[in-house]
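User: Could you take a close look at one part of this structure for me, the place where the two chains meet, and then follow the charged and aromatic side chains from there? I work at the bench, so a plain walk-through would suit me well.

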Amino acid sequence: MWTVRRQWQALMVLALVACMANLFGPAERWWGVDLGATGATVFHLCLAGLLVLMALKDGEVFPDAWSLAERRAWVGLVFTALILVAAGKFLWVLSHFEIVPTRLYQLPARNLVSFIVVMGIAWGVAAHLLGRRAGPVEHDERDLRLRFQADRAGDWALSLTVVASVVLLSNVAAPTLAWWLQQLVLANVLIAVLIAKLLVEHVALVALYVRARR
Amino acid sequence: MSDIVIRNQIRALRQARGNFTQEQLATACGVTRQTIIALEAGKYSPSLELAFKLALAFGTTLDEVFQYAEKK
């Protein structure tokens with residue numbers, strides 16, 4: 001019989017594979033199977049399974065030595081990574097348009113928006129489920145100290161991105177950057193940069209927790 | 001980097017007080033149990049405020065809980 005943690009890990013791997021099939025599956029059927037639609041169904045089922053497992057056995061899903069803040073950081077890392085991948089894929093789809101729409105309602109963003117909404121709801125439910133087992137103290141000085149360092153990593157990443165963008169804008173010929181400077185492309189890039197900053201913070205936070213335990 | 005190693009007697013003091021669990025100590029000091037685990041393993045140097053809270057929780061002085069030695 002598999003342990004709860006092993007069941008969790010298996011569901012997690014299956015969810016990630018299904019999510020990639022959903023986002024990057026080919027338009028044509030593969031051996032008669034619509035990979036995109038099947039991936040979406042399996043992904044949502046796995047997500048529901050993970051949340052149910054967390055609701056019933058959350059004490060056994062994560063190692064005992066992980067604080068509530070660390071558990072939330074890991075959950076946040078997974079969700080921000082998935083949202084960033086979806087946003088990146090959307091930009092990639094936009095790059096194949098002959099003419100990029102200039103109005104928001106013309107953007108084919110229905111899939112992206114519904115994906116982000118589902119991720120947001122699942123993230124909120126997961127955070128709530130984790131919080132149920134919180135003791136009298138949810139965050140203490142150790143968590144805050146690590147959070148501060150992780151935030152600094154995010155600030156550095158954002159600053160470097162801005163500086164790199166300034167260098168790029170002042171050195172590259174305008175026609176080369178024409179596609180990137182279209183209103184809605186630029187708007188999506190800025191949103192992706194903000195999500196990337198969040199991801200850097202979460203990566204730094206879990207790395208700091210792992211390092212602090214060694 | 002720091003040339004001083006801070007050691008603590010938290011685990012020994014806890015065991016000397018019988019049933020004083022990590023959970024109870026954490027609650028008494030207003031931190032999570034994971035921070036007590038990190039402190040006992042020598043993986044975390046607490047703030048001065050937490051150090052005093054720990055000493056207070058054991059009813060002893062700061063230098064009985066924490067000691068420092070220079071790195072060789």
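Analyst:
**Salt bridges, rings and the chain contact**

Being four residues apart in helix 7 of chain A, A:Lys197 and A:Glu201 are separated by about one helical turn. Let me start with this pair and work back to the place you asked about; please keep in mind that the model is predicted. The two side chains form a salt bridge, with the closest N and O atoms 2.7 Å apart. A:Glu201 counts as buried because its relative accessibility is 7%, and A:Lys197 is likewise buried at 19%. A:Lys197 has another partner too: its side chain meets that of A:Asp155 in a salt bridge of 3.6 Å, N to O. Since A:Lys197 lies in helix 7 and A:Asp155 in helix 5 (residues 141–171) of chain A, this pair ties together parts that are 42 residues apart in sequence. A:Asp155 is partly exposed, with a relative accessible area of 41%. Through shared partners, salt bridges join A:Arg147, A:Asp151, A:Asp155, A:Lys197 and A:Glu201 into one network.

Now to the chain contact itself. Here 16 residues of chain A are in contact with 14 residues of chain B. The area buried between the two chains is about 1,200 Å², and carbon and sulfur atoms give 48% of that. How many salt bridges does the rule find across this interface? It finds one, while the structure holds 11 over all chains. The pair that crosses is A:Asp64 with B:Arg33, whose closest N and O atoms are 2.6 Å apart. A:Asp64 sits in the loop between helix 2 (35–61) and helix 3 of chain A, and B:Arg33 belongs to helix 3 of chain B. Side chains of opposite charge can pair when their charged atoms come close. As for cover, A:Asp64 is partly exposed at 47% relative accessible area, whereas B:Arg33 is buried at 17%.

B:Gln34 also lies in helix 3 of chain B, which spans residues 33–40. This glutamine is buried, with a relative accessible area of 11%. Leaving aside residues up to four places away in sequence, B:Gln34 touches A:Asp64, A:Ala65, A:Trp66, A:Ser67, A:Arg71 and A:Arg142. One of those, A:Ala65, is touched by A:Glu70 as well, along with A:Tyr209 and A:Arg213, again not counting residues up to four places away in sequence. A:Glu70 lies in helix 3 (residues 68–94) of chain A and is buried at 0% relative accessibility.

Another contact of B:Gln34, A:Trp66, leads us to the rings. A search of the whole structure finds seven aromatic pairs over all chains. Among them, A:Trp66 and A:Trp74 are stacked, 5.3 Å centre to centre with 10° between the planes. A:Trp66 counts as buried at 15% relative accessibility, but A:Trp74 is partly exposed at 28%. Both belong to one aromatic cluster with A:Trp8 and A:Phe62.

What about nonpolar side chains at the surface? A:Leu169, A:Trp180, A:Leu181, A:Leu186 and A:Leu190 make a nonpolar surface patch of about 490 Å². A:Leu190 is exposed, with a relative accessible area of 53%, and its place in helix 7 (residues 183–213) of chain A brings us back to the helix that holds A:Lys197 and A:Glu201.

How values were computed
Residues are numbered from 1 along each chain as its sequence is written. Chains are lettered from A and ligands numbered from 1 in the order in which they are written. This is a predicted model: local features need pLDDT of at least 70, side-chain atom pairs count only at pLDDT 80 or more; totals for chains, interfaces and linings use all residues. Side-chain values use heavy atoms; hydrogens and water are left out. Patches are made of residues with over 30% relative accessible area and no salt bridge: like charges are joined within 9 Å, nonpolar side chains (Val, Leu, Ile, Met, Phe, Trp, Tyr) within 5 Å. Accessible areas come from the Shrake-Rupley method with a 1.4 Å probe; for residues, only the protein chains shown count as cover. A salt bridge is a side-chain nitrogen of Lys or Arg within 4 Å of a carboxyl oxygen of Asp or Glu. Helices (H or I, at least four residues) and strands (E, at least two) are DSSP runs, numbered from the N terminus. Buried means under 20% relative accessible area, exposed over 50%, partly exposed in between (1.4 Å probe, protein chains only). Rings of Phe, Tyr and Trp (its six-membered ring) pair if their centres lie within 6.5 Å; planes under 30 degrees apart count as stacked, over 60 as edge-to-face and the rest as tilted. Contact means heavy atoms within 4.5 Å. Buried area is the accessible area (1.4 Å probe) that two parts lose on being put together, summed over both.
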